[in-house]
Amino acid sequence: MFRPHPIEASRKVPGNEPGAQRHSRERLARWSELGYGMFIHFGMSTFVGHEMTLGTESIDLYNPTDLDVDQWVQVARDAGMKYMVLTTKHVSGHCLWPTDQTDAHVGNSPVKTDVVGEFVNACNKHGIVPAFYYCSWDNRNRFGSLVPTISLEDQAGNWNMAYTTPRYRDFQLAQVEELLTRYGNIGQVWIDIPGMLGNDGRRQQYDQIAALQPDTIITMNNGISNGTQLSYNSAWPTDIITIERYLPSSDRGHNPWFEVPDGAGGTKPYYLPAEVCDPIGYDWFFVDEDRPRSTEELLGMRLITEARGANLLLDVPPDRTGKIPQIHVDALLALERAYRQAKG
């Protein structure tokens with residue numbers, strides 16, 4: 001894994017100080033008030049049956065037989081969710097919109113639906129805030145980058161040596177520009193594996209997103225942690241801190257204040273709300289044998305995350321037909337009923 005310089009949350013809370021972050025405390029509060037969202041992992045990995053695809057797969061493998069993006073959003077709405085984050089491109093390099101930057105996209109696949117466009121339209125129709133995920137680790141469109149490729153046979157990878165070239169970073173900037181100029185207002189932009197971009201690359205990416213959509217919440221994934229430390233050398237700058245596969249610290253809940261280097265030898269206080277992300281089962285993408293967790297476990301995740309001052313972004317992967325399976329729908333609706341009962 002990357003060995004980032006960690007910045008611990010400061011126990012010296014500056015009270016009502018606005019903080020040095022880009023967004024106002026009021027704007028960040030509106031994002032936090034969304035509270036509960038759905039992560040959608042769908043794409044080439046769904047059809048390969050493994051998250052870490054090698055990027056060499058035929059784009060003809062992407063072939064949902066009954067794609068229904070509107071169903072995803074209706075399920076999220078009925079489950080009490082307020083926002084959704086769609087994986088527009090994962091490590092396979094296959095894109096869920098007809099990009100101009102590579103041939104590996106839905107427009108050249110057997111099912112040519114612009115999933116990104118359908119997703120935003122459905123979110124707007126059903127009162128859900130749309131958000132985009134984009135992965136900086138790309139096994140297909142490398143442009144000379146050294147990616148931490150994990151083989152399907154031995155699961156070996158080398159994170160410490162991974163990097164992206166200027167040519168790849170230009171490719172990513174061009175794709176993110178497409179996403180943020182073709183589909184209207186996007187509530188959050190979620191950049192995964194941002195450490196590969198390097199400090200300058202992350203700053204350039206952050207500045208581009210902020211310029212194209214000033215009101216959006218920019219997320220550089222902080223990785224697997226409980227949110228008490230900010231991985232400055234692999235996940236900065238960011239508007240929030242992610243808590244992947246963990247719950248927020250039990251020590252007084254999430255502390256949003258971090259003292260971040262100011263580039264002049266000192267630090268400034270930044271207010272960074274938190275978002276927990278975890279799958280409804282174990283796998284991010286659909287896998288036949290992966291089952292949802294029990295209602296009791298999911299309810300515990302939701303209540304604890306809320307009580308400790310963070311959003312919960314629960315991943316619910318559509319299957320190879322292009323729909324959220326009924327077993328996941330039932331689990332989400334049972335969770336919502338249990339949550340309402342618990343809240344009185």
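1. Two parts of a structure are in contact when heavy atoms lie within 4.5 Å. Keep that in mind for the helix in point 4, and remember throughout that this is a predicted model.

2. Let's start with the sheet. It is an open one of 8 strands, in the order S6-S5-S4-S3-S2-S12-S11-S8, and the pairing is parallel. Which strands stand at the edges? They are S6 (217-220) and S8 (241-244), and each has a single partner strand, so one side of each is left without a neighbour in the sheet. On average, neighbouring strands here are turned by 25 degrees against each other, direction ignored.

3. Now a look at some of the pairs. Strands of a sheet pair through backbone hydrogen bonds, either parallel or antiparallel. S3 (residues 83-89) and S4 (residues 129-135) run parallel and are joined by 6 bridges; try finding Tyr83, which stands opposite Val129 in S4. S4 also pairs with S5 in the parallel sense, over 5 bridges, and there Tyr133 has Trp190 in S5 as its bridge partner. Moving on, 4 bridges join S5 to S6, again parallel, with Gln188 partnered by Ile217 in S6.

4. Helix H5 (residues 166-182) lies across S3, S4 and S5 (188-192), and it runs at about 165 degrees to S4. You can check its length yourself: at 1.5 Å a residue, its 17 residues should span 24 Å, and the end C-alpha atoms are indeed 24 Å apart, which agrees. Among the buried residues of H5 are Tyr168, Phe171, Leu173, Val176 and Leu179. What covers the buried residues of this helix? The cover includes S3, S4 and S5, plus helices H4 (115-126) and H6 (198-212). After H5 comes Gly184, with a positive phi near 85 degrees.

5. H5 has a helix packed against it, too. Two packed helices are described by the angle between their axes and the distance between the axes. For H5 and H6 the angle is about 20 degrees and the axes are 10 Å apart. Angles under 35 degrees count as roughly parallel, and H5 and H6 are therefore roughly parallel to each other. The crossing is right-handed. Residues of H5 that take part include Arg169, Leu173, Val176 and Leu180, while those of H6 include Gly201, Gln205, Ile209 and Leu212.

6. Is strand S5 enclosed or open? Here 5 of the 5 residues are buried, so S5 is largely enclosed by the rest of the structure. In a regular strand the side chains alternate between the two faces of the sheet. In S5, Gln188, Trp190 and Asp192 are on one side and Val189 and Ile191 on the other, and both faces are covered.

7. Thr219 is worth a click. This residue lies in strand S6, and at 0% relative accessibility Thr219 counts as buried. Leaving aside residues up to four places away in sequence, Thr219 touches Gln188, Val189, Trp190, Ile191, Thr238, Ile240 and Thr242. Its C-alpha atom is separated by 19 Å from that of Met81, 138 residues apart along the chain.

8. Last, a hairpin. Strands S9 (residues 257-261) and S10 (residues 267-271) run antiparallel and are joined by 5 bridges. Val260 has Lys268 in S10 as its bridge partner. The hairpin has 5 residues between the strands, and Gly263 takes a positive phi near 85 degrees.

Methods
Residues are numbered from 1 along each chain as its sequence is written. This is a predicted model: local features need pLDDT of at least 70, side-chain atom pairs count only at pLDDT 80 or more; totals for chains, interfaces and linings use all residues. Side-chain values use heavy atoms; hydrogens and water are left out. Two strands pair if DSSP finds at least two bridges between them. Helices (H or I, at least four residues) and strands (E, at least two) are DSSP runs, numbered from the N terminus. Axes are lines fitted to C-alpha atoms, for helices over the stretch in contact, and angles run from 0 to 180 degrees between N-to-C directions. The expected span of a helix is 1.5 Å times one less than its number of residues. Buried means under 20% relative accessible area, exposed over 50%, partly exposed in between (1.4 Å probe, protein chains only). Angles under 35 degrees count as roughly parallel, over 145 as roughly antiparallel, 65 to 115 as roughly perpendicular and the rest as oblique. A crossing is left-handed if the near helix is turned anticlockwise from the far one by less than a right angle, and right-handed if clockwise.
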